[in-house]
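Welcome! Here is a short tour of one protein model, written for someone meeting it for the first time. Have a look around before reading on.

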Amino acid sequence: SGGVMTLLWSVGLPLFKELGIDAARQQLYTTVIISPYALKPFIGVTSDLFIVWGYNKRYWAILSIFIGFVGCIALLLLYHTGAASAAVESGPTSVRHLADLIVICFFAMNLEGATLDILGEGKYSELMRLHPQSGSSIISFKFVWSLIGTIVTQTYVGPLSDAGWFHVLFWIALFLLAAPFYPTWQGWIPETKRSPETEGEGEDRLVRVSWCCNNRSSKQWFLFDRGLFRKKKIPFVAIALSGLAAPLLSTVSTYFDLG
């Protein structure tokens, strides 16, 4: 998260400045761009309650990588096809439409960073609970590498932004966004595969989500942990609503203020 988050945070302001976006509008756009990090509680609750192909984390992480990858590809297409230059030449209305697309792409890319961040935090919290003798070593390890990523990213974002080479930064972002795919696909996040046959009974069993698994003979690939929800219903609902509140409020208030 250190590299991607720092890159997107740092490149946003010079990018919007080059497009002629005023400072007030830039700040409003930035609020929406970073709002995926406020979604982390909601993402965490979703991954705890919904099991995809037997795993709580693996396929949610892969989905977020896909979303971030698509967002970055869209940005590259905007700049390599000349759409960005054409919008600047067409006038303020076209620039605002372009800026809206950039905000959506940045949101998608940050969504990947936020998702991988909260899923990783959940896993190392679990490991700390299972191995209390480890202390805070795993947290220190994570934040050291995050800090290194931040420092390295800052060394090249400034010069490349000043030179107007935003497409180069987007290629770097594409690499950073795609890098977690292989280890995630290979199951480097340790998880035990879950199924209705191996855990839970009665009201506390894992249940198939009917709207996506209508065929009873089909593989049960999307399950809901009803037992966990019954045990922690109030905390889950409160956390999910608080996670959704900030990004929804920032999006509505931003575009209401922009008129």
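## A first look at the fold

The protein contains 11 helices and 3 strands. This is a predicted model. Starting at the N terminus, the elements follow the order α-α-α-β-α-α-α-α-α-α-β-β-α-α. Of the 259 residues in the protein, 41% are buried.

## A covered helix

A good place to begin is helix H3, which spans residues 40–49. How many of its residues are buried? The count is 7 of 10, so to speak of H3 as mostly covered is fair: buried means under 20% relative accessible area. The buried residues of H3 are Lys-40, Ile-43, Gly-44, Val-45, Thr-46, Ser-47 and Leu-49.

One of these, Gly-44, has a partner from another part of the chain. The C-alpha atoms of Gly-44 and Gly-122 are separated by 7.7 Å, with their positions 78 residues apart along the chain. Gly-122 belongs to helix H6, residues 92–130. Its relative accessible area is 30%, so Gly-122 is partly exposed.

## Spaces in the model

Rolling a probe the size of a water molecule over the atoms shows where empty space is left. Two such spaces are worth a visit here, one a pocket and one a cavity.

The second largest pocket has a volume of about 710 Å³. It is lined by 26 residues, and those closest to its centre are Gly-44, Asp-48, Lys-57, Gly-122 and Leu-228. So the two glycines met above turn up again, both among the residues closest to the centre of this pocket. H3, H6 and helix H11 (233–257) each give at least two residues to the lining of the second largest pocket. H6 provides the largest share of that lining, with 7 residues.

As for cavities of 30 Å³ or more, the count is 1. The largest cavity has a volume of about 60 Å³. Which residues line the largest cavity? They are Leu-8, Trp-9, Gly-12, Leu-13, Thr-30, Ile-33 and Ile-34. Helix H1 (2–18) and helix H2 (23–33) each supply at least two residues of this lining, and the largest share, 4 residues, comes from H1.

The table sets out the two linings by residue class.

| Space | Nonpolar | Polar | Charged |
|---|---|---|---|
| Second largest pocket | 10 residues | 6 residues | 10 residues |
| Largest cavity | 5 residues | 2 residues | no residues |

## Out at the surface

Now to the outside of the model. Phe-141, Val-144, Trp-145, Ile-148 and Val-152 make up a nonpolar patch on the surface, and their accessible area together is about 510 Å². Phe-141 sits in helix H7, residues 137–162. Is Phe-141 buried or exposed? With a relative accessibility of 55%, Phe-141 counts as exposed, because the cut-off for that word is over 50%. As background, an α-helix has 3.6 residues a turn, so residues three or four places apart point the same way.

## A loop residue to finish

The last stop is Lys-193, found in the loop between helix H9 (181–185) and strand S2 (206–208). Lys-193 has 49% relative accessibility and therefore counts as partly exposed. Where does this loop residue meet another part of the chain? The C-alpha atoms of Lys-193 and Gly-54 are separated by 4.9 Å, although the two residues are 139 residues apart along the chain.

Definitions and conventions:
Residues are numbered from 1 along each chain as its sequence is written. This is a predicted model: local features need pLDDT of at least 70, side-chain atom pairs count only at pLDDT 80 or more; totals for chains, interfaces and linings use all residues. Side-chain values use heavy atoms; hydrogens and water are left out. Buried means under 20% relative accessible area, exposed over 50%, partly exposed in between (1.4 Å probe, protein chains only). Patches are made of residues with over 30% relative accessible area and no salt bridge: like charges are joined within 9 Å, nonpolar side chains (Val, Leu, Ile, Met, Phe, Trp, Tyr) within 5 Å. Accessible areas come from the Shrake-Rupley method with a 1.4 Å probe; for residues, only the protein chains shown count as cover. A salt bridge is a side-chain nitrogen of Lys or Arg within 4 Å of a carboxyl oxygen of Asp or Glu. On a 1 Å grid over the protein atoms alone, a cavity is a set of points where a 1.4 Å probe fits but cannot get out, and a pocket is an open set with protein on both sides within 12 Å along at least five of seven lines; lining residues have an atom within 4 Å of a point. Grid points are joined across faces, edges and corners, and a volume is the space filled by probe spheres set on the points. Ala, Val, Leu, Ile, Met, Phe, Trp, Tyr, Cys and Pro count as nonpolar, Asp, Glu, Lys and Arg as charged, and the others, Gly among them, as polar.
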